[in-house]
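Thank you all for making the time this morning. I would like to walk through the charged side chains, the cysteines and a little of the backbone, and I will try to keep each statement to what the model itself supports.

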Amino acid sequence: MAELINAPPKSEYKKSSNKVFFSYPGNQDHFQINYLGVNPNSIIAGTLHLRFPSSEPILASKIDLIFKGSEKVHWTERHGESTVTYKAKNVFVNQLLPLWKTSDPNGNYEEIRNLDIPFEISLPMNLPPSIKIDGGKGKIRYKLIANINRKGNLWKFKGSEKSVKLSINIIRFFPPSLSLQPFNWNQLYDHEALTRGLGYNATLENSVGGPNMPFIINLSLKFHKQDFKITKITFGIKEYHKLTTKRKTRKSKSYILEKHVKAEELPLNSDSEVNTQVKLEIPRNFCWTIDDRKHIDVNHKVKIKIHCGGIFTSNIKLGKEVEIRNILLENYNYDNYNYNNDNNYTNNDNYNNDEKHAINFNG
């Protein structure tokens, strides 16, 4: 395997062999070619290599390649003194491609020492992207499996089939013509706003976002009472996971991004109004919206929370379900995509949480 610069590392093999291994096509470091979900001619391509010593060739009759994709959920829970395991699996693609067979007309075994077999497999347009969530409790994963039908040797504990299994990542894209689906919350001058003392008009310019396409929020506030105070405004993206088996459903949620804008950072004008814009950039450690699978759902919401300073005044909470998609943008550099993103989630809050500052009608 060391002879090839563009070969996957051994750590990506689920079952490996120094004598049978894969390499990427050309100078790439991935198998996928073209933009799956946008380009109908998307494929995975590469080469299967066999390297057996001259003194000990493999005796084979055929070689098959399998491209397999599945979603899996697996977790354990403690119930008193016992532990219960919940799991489910759904194989949604399982394509077999014959790569090679013996030239012997009777189908007898043939000696193989050095053999390089290029391959191409067409990808269905509706394949989901590779993901791993909740510390691996939910996964969508793909494998390339090479099966060699060989002559077995019981004395050397060799069966009639030799296999190698390689994990690969699949990336799905969405066309740039997606509707951005703006959304508006408006309580600027109605009775509730006047009674409370604060009105708001917030517009989410796009309910669909992704890398290099942030969620943009335009917010206007109107102070109707001189003594009304706010301490800060929190803008965030919350992610919701649902893992489903026949016996149980597991749910979790967390913020993948929060921005806290303190009161003194809000531009109050002479008309007792605040007008500001916030951009929520999608962080690196995120997961796409997944809403078409059997066992795994991933959804997102944009959340706005206006922290009110009065003792008897409730905070204002706004939320809208959004989609995070891998939107294909102009001049997108496909080769720089991180194919080994394992989607580890963190709370990307890099802002000061200090609530002691407030802004009111008098500024």
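Let me begin with a term that I will lean on throughout: a residue is called buried when its relative accessible area is under 20%, exposed when that figure is over 50%, and partly exposed in between. Please also keep in mind that what you see is a predicted model.

With that cut-off in hand, consider the cysteines. Cys 287 has a relative accessibility of 1%, and therefore counts as buried, while Cys 308, with a relative accessible area of 10%, is buried as well. As a reminder, a disulfide is a covalent bond between the sulfur atoms of two cysteines. How many disulfides does the count come to in this model? The count comes to zero disulfides.

Next, the salt bridges. In general, side chains of opposite charge can pair when their charged atoms come close. The count here comes to 10 salt bridges, and I will go through some of them.

The pair I would start with is Lys 248 and Glu 77, which form a salt bridge with their closest N and O atoms 2.6 Å apart. This pair links distant parts of the chain, since Lys 248 sits in the loop between strand S16 (229–244) and strand S17 (249–262), whereas Glu 77 belongs to strand S5 (residues 58–79), and the two are 171 residues apart. As for their surroundings, Lys 248 is partly exposed, at a relative accessible area of 28%, but Glu 77, at 18%, counts as buried.

A second salt bridge joins the side chains of Lys 262 and Glu 264, with an N to O distance of 3.9 Å. Which of these two is buried, and which is partly exposed? Lys 262 is the buried one, with 15% relative accessibility, and Glu 264 is partly exposed, with a relative accessible area of 43%.

A third involves Arg 293 and Asp 292, whose side chains meet at 3.3 Å, again from N to O. Here Arg 293 is buried, with a relative accessible area of 18%, while Asp 292 counts as partly exposed at 40%. Beyond such pairs, there is also a network of salt bridges that links Asp 291, Glu 323 and Arg 325.

Not every charged residue is to be discussed as part of a pair, so let me turn to the surface. Lys 14, Lys 72, Lys 89 and Lys 139 gather there in a patch of positive charge. Of this group, Lys 14 lies in strand S1 (residues 13–15), and with a relative accessible area of 58% it is exposed.

Finally, a few words on the backbone. Most residues other than glycine have a negative phi, which is the background for the two residues that I would like to point out. Gln 181 has a positive phi, near 50°; this residue is found in the loop between strand S11 (161–168) and strand S12 (183–187), and Gln 181 is partly exposed, with a relative accessible area of 37%. Ser 272 likewise has a positive phi, near 60°, and its place is in the loop between S17 and strand S18 (273–280). Is Ser 272 buried or exposed? With a relative accessible area of 6%, Ser 272 is buried.

Key:
Residues are numbered from 1 along each chain as its sequence is written. This is a predicted model: local features need pLDDT of at least 70, side-chain atom pairs count only at pLDDT 80 or more; totals for chains, interfaces and linings use all residues. Side-chain values use heavy atoms; hydrogens and water are left out. Patches are made of residues with over 30% relative accessible area and no salt bridge: like charges are joined within 9 Å, nonpolar side chains (Val, Leu, Ile, Met, Phe, Trp, Tyr) within 5 Å. Accessible areas come from the Shrake-Rupley method with a 1.4 Å probe; for residues, only the protein chains shown count as cover. A salt bridge is a side-chain nitrogen of Lys or Arg within 4 Å of a carboxyl oxygen of Asp or Glu. Lys and Arg count as positive and Asp and Glu as negative; His and the chain ends are not counted. The place of a charge is taken as NZ of Lys, CZ of Arg, CG of Asp or CD of Glu. Helices (H or I, at least four residues) and strands (E, at least two) are DSSP runs, numbered from the N terminus. Buried means under 20% relative accessible area, exposed over 50%, partly exposed in between (1.4 Å probe, protein chains only). A disulfide is a pair of cysteine sulfur atoms within 2.5 Å.
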